[in-house]
Amino acid sequence: MVATVARTCSTMLGALALAVATVAVPGSAAGAAADPPSVIAEPDTILVPEGTSASFTVRLSHAPSSTLFLGVGIRGSGTWASPPVVIVFTPTNWSTPRPYSVHNIPDADTVDDVAKFTLSVQGYVPDEVVLAQVDDD
Ligand SMILES: [Ca+2]
Ligand SMILES: [Ca+2]
């Protein structure tokens, strides 16, 4: 008899939880579509006088469930150097902007080289930062 009552209560709680979840789904789905987990790198564009350094910051829009590594890809022209740092995002530090510095190596040409840095984290929409050299030759 007692067991029957307990089972009934459990079923009712289950139905209640299901109702709540059903109400919550449309809102969270719309939010997820408008604001997917993303890498946030700032600023978007940096002018870098030839032979100088610049830095941007990287953080995540949503907390990860485990530690994730930042991947950095570079396309473009010019010679750029970055310190061999490994940036990791954890469930506690994900929202703290992390600095990433890049040094522009002087060149003999007169071209304003442009490099596009792609910042990626598994499961997140990547972001890009464009570093534009201001050539001094
Ligand atoms: Ca130059
Ligand atoms: Ca150049």
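**Exercise 1. Find what surrounds Asp-113, a residue that is buried yet has no salt bridge.**

Step 1. Start with charge: the nearest side chain of opposite charge, Arg-75, is 15 Å away. Here Lys and Arg count as positive, Asp and Glu as negative, with His and the chain ends not counted. A salt bridge would need a side-chain nitrogen of Lys or Arg within 4 Å of a carboxyl oxygen of Asp or Glu.

Step 2. Check burial. Asp-113 has 5% relative accessibility, so it counts as buried (buried is under 20% relative accessible area, exposed over 50%, partly exposed in between, with a 1.4 Å probe and protein chains only).

Step 3. Place the residue: Asp-113 sits in the loop between strand E8 (98-104) and E9. Strands (E, at least two residues) are DSSP runs, numbered from the N terminus.

Step 4. List contacts, meaning heavy atoms within 4.5 Å. Leaving out residues up to four places away in sequence, Asp-113 touches, among others, Trp-80, Asp-107, Gln-133 and Asp-135.

A word on the model: it is predicted, so local features need pLDDT of at least 70 and side-chain atom pairs pLDDT 80 or more, while totals for chains, interfaces and linings use all residues. Residues are numbered from 1 along each chain as written, chains are lettered from A and ligands numbered from 1 in written order, and side-chain values use heavy atoms, without hydrogens and water.

**Exercise 2. Which residues coordinate the calcium ion (ligand 2)?**

Step 1. Collect the donors (N, O and S atoms within 2.8 Å of the metal, 3.2 Å for Na, K and Ca; water is not among the atoms, so sites may look incomplete). They come from Asp-107 (OD, listed twice), Asp-109 (OD), Val-111 (O), Asp-113 (OD), Gln-133 (OE1) and Asp-135 (OD), at 2.3 to 2.8 Å.

Step 2. Read the spacing along the chain: D-x1-D-x1-V-x1-D-x19-Q-x1-D.

Step 3. Look next door. The calcium ion (ligand 1) is 3.8 Å from ligand 2, and Asp-107 coordinates both.

Step 4. Asp-109 is partly exposed, at 31% relative accessible area.

**Exercise 3. What is the strand order of the open four-stranded sheet?**

Step 1. Pair the strands (at least two DSSP bridges). E2 (45-49) and E10 (127-134) run parallel with five bridges; Thr-45 faces Val-130 there. E9 (114-120) and E10 run antiparallel with six, and Phe-117 partners Val-129.

Step 2. Spot the hairpin: six residues separate E9 and E10, and Gly-123 in the turn has a positive phi of about 90 degrees.

Step 3. The order is E2-E10-E9-E5, with mixed pairing. E2 and E5 (71-76) are the edges, each with a single partner strand, so one side of each lacks a neighbour in the sheet.
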